[in-house]
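Walk me through this structure, from the overall chain down to its aromatic side chains. Keep it brief.

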Amino acid sequence: MDDFEKYISKNKHLFDDHRADKRKIWDAIESDLDKQKTIYLWKSPLLKVAATLLVLFGVFSIMQLYLNSNYNYNKQNSVAHQELQDIDSYYKNLVSFQVQLVKNNTRLQPENKKEFLSFMDELDEEYNTLRQEMTKNLNNEYILEAIVNNYKKRIELIENLLKQINESKNTNTNEGYIL
């Protein structure tokens, strides 16, 4: 045994005299329970600064995501819009050239010209309706396909009319239109 254990065994009777007063200990615990120690974190200036920075970072991140998504959407729309403009200008020039050939044709009777041009005007109205639909939804491939088909229909009608005129002209003379 070491010295400390020997001391405890010799003085064992002295330890029995001092008993813990349980009532006194419990009263001290209860008095500490009545005093609530509340720490208000939002009153700390350091925490206020950290929370402000966190909110600002969150708002900035959300704005960046929103702006980037709009930029990408507008970029895609501008590509589709440019493609539509290219198609539109190509076909518009082709149709206007061929309509001018029909208008300048002397072999076609005025009633037939008027009927043909009114039919072309109906196709123009259909095109304008499709064009308005396209501005609402640029990603709709069906509308783009319908616009192209409208142009093809117009070109085909003009080509058929000019072919008929040229065939009747070739039987009479050797002159013809070259497209």
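**From chain contacts to an aromatic pair**

Take the contacts between residues at least 6 apart in sequence: 68% of them join residues at least 24 apart. Keep in mind that the model is predicted.

Next, the secondary structure. The chain has six helices and zero strands. Along the sequence, the pattern reads α-α-α-α-α-α.

Now the surface. About 15,000 Å² of the chain is exposed. Carbon and sulfur atoms supply 57% of that area. The chain holds 179 residues, and 19% of them are buried.

Then the aromatic side chains. How many aromatic pairs does a search of the whole structure find? The search finds one. Its members are Y127 and Y151, and the pair is tilted. The ring centres are 5.2 Å apart, and the planes meet at 50°. The pair counts as tilted because its angle is neither under 30 degrees, as for stacked rings, nor over 60, as for edge-to-face ones.

Where do the two tyrosines sit in the chain? Y127 belongs to helix α5, which covers residues 110-136. Y151 belongs to helix α6, covering residues 141-172. The two residues are 24 apart, so the pair links distant parts of the chain.

Are these side chains buried or exposed? Y127 has a relative accessibility of 7%, so Y127 counts as buried. Y151 is buried as well, because its relative accessible area is 1%. The cut-off for buried is under 20%.

To recap: one aromatic pair was found, with Y127 in helix α5 and Y151 in helix α6.

Definitions and conventions:
Residues numbered from 1 in each chain as written. Predicted model: local features only at pLDDT ≥ 70, side-chain atom pairs only at ≥ 80, totals over all residues. Heavy atoms only, no water. Phe/Tyr/Trp six-rings, centres within 6.5 Å; stacked < 30°, edge-to-face > 60°. Helix = DSSP H or I, 4+ residues; strand = E, 2+ residues; numbered from the N terminus. Buried < 20%, exposed > 50% of the residue type's maximum accessible area, 1.4 Å probe, protein only. Contact = heavy atoms within 4.5 Å. Areas by Shrake-Rupley, 256 points an atom, 1.4 Å probe, with all protein chains shown as cover.
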